[in-house]
Amino acid sequence: MTTMAALLGGLPLALGHGTGSEMRRPLGIAIVGGLAFSQMLTLYTTPVVYLYMDRLRLWLKSIFGRPPLEAVQPREGELAPG
């Protein structure tokens, strides 16, 4: 929502006509283009980062992990863990 508000707020700078608009237009284009690009980049890269982090977690668990508590069998006379 914040990005969309800032992007829509920069549209008058990018599309404006009139006195001094030739000085403000590059700023508006940079604002609108940068916000649109960063929003798309964020929407596409965030899920990929989470997927790689989950794969790393599973890989590390397979190397350093211990068996889950359900898989640990108590010895005779001991209470079950958990």
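How far apart are the end C-alpha atoms of helix α1, and what should its 14 residues span? I looked this up before anything else. Helix α1 covers residues 2-15, and at 1.5 Å a residue it should span 20 Å; its end C-alpha atoms are 20 Å apart, which agrees. The expected span here is 1.5 Å times one less than the number of residues in the helix.

**Ground rules.** I am working with a predicted model, where local features need pLDDT of at least 70, side-chain atom pairs count only at pLDDT 80 or more, and totals for chains, interfaces and linings use all residues. Residues are numbered from 1 along each chain as its sequence is written, and side-chain values use heavy atoms, with hydrogens and water left out.

**Overall.** I noted 2 helices and 0 strands. Helices are DSSP runs (H or I, at least four residues), as are strands (E, at least two), and the numbering goes from the N terminus. Of the 82 residues in the chain, 10% count as buried. Buried means under 20% relative accessible area, exposed means over 50%, and partly exposed is in between (1.4 Å probe, protein chains only). The accessible surface of the chain is about 7300 Å², and 69% of that belongs to carbon and sulfur atoms. These areas come from the Shrake-Rupley method with a 1.4 Å probe, and for residues only the protein chains shown count as cover.

**Helix α2.** I ran the span check here too. The 44 residues of α2 should span 64 Å at 1.5 Å a residue, and its end C-alpha atoms are 62 Å apart, which agrees. There is a bend of about 25° at T45, and a proline, P47, follows within four residues. The bend is the angle between axes fitted to the seven residues ending at a residue and the seven starting there.

**Where the two helices meet.** Which residues of α1 are buried? I found L7, G10 and A14, and their cover includes α2. From the other side, the buried residues of α2 are S21, G28 and V32, and they pack against α1. For contact I use heavy atoms within 4.5 Å.

I then picked out pairs across the sequence. G34 sits in α2 and is partly exposed at 37% relative accessible area. Its C-alpha atom is 9.0 Å from that of L7, although the two are 27 residues apart along the chain. T3, in α1, counts as partly exposed at 22% relative accessibility. The C-alpha atoms of T3 and S38 are separated by 9.3 Å, with their positions 35 residues apart along the chain. Leaving aside neighbours within four places in sequence, T3 touches L35 and Q39.

**The salt bridge.** How many salt bridges does the structure hold? I get 1. It joins the side chains of D54 and R57, at 2.8 Å from N to O. The rule is a side-chain nitrogen of Lys or Arg within 4 Å of a carboxyl oxygen of Asp or Glu. The two residues are 3 apart in helix α2 (residues 21-64), so about one helical turn separates them. D54 is partly exposed at 34%, and R57 is partly exposed at 45%.

**A nonpolar patch.** Last, I looked at the surface. L56, W59, L60, I63 and F64 form a nonpolar patch with about 550 Å² of accessible area together. Patch residues have over 30% relative accessible area and no salt bridge; like charges are joined within 9 Å, and nonpolar side chains (Val, Leu, Ile, Met, Phe, Trp, Tyr) within 5 Å. I63 lies in α2 and is partly exposed, with a relative accessible area of 44%.
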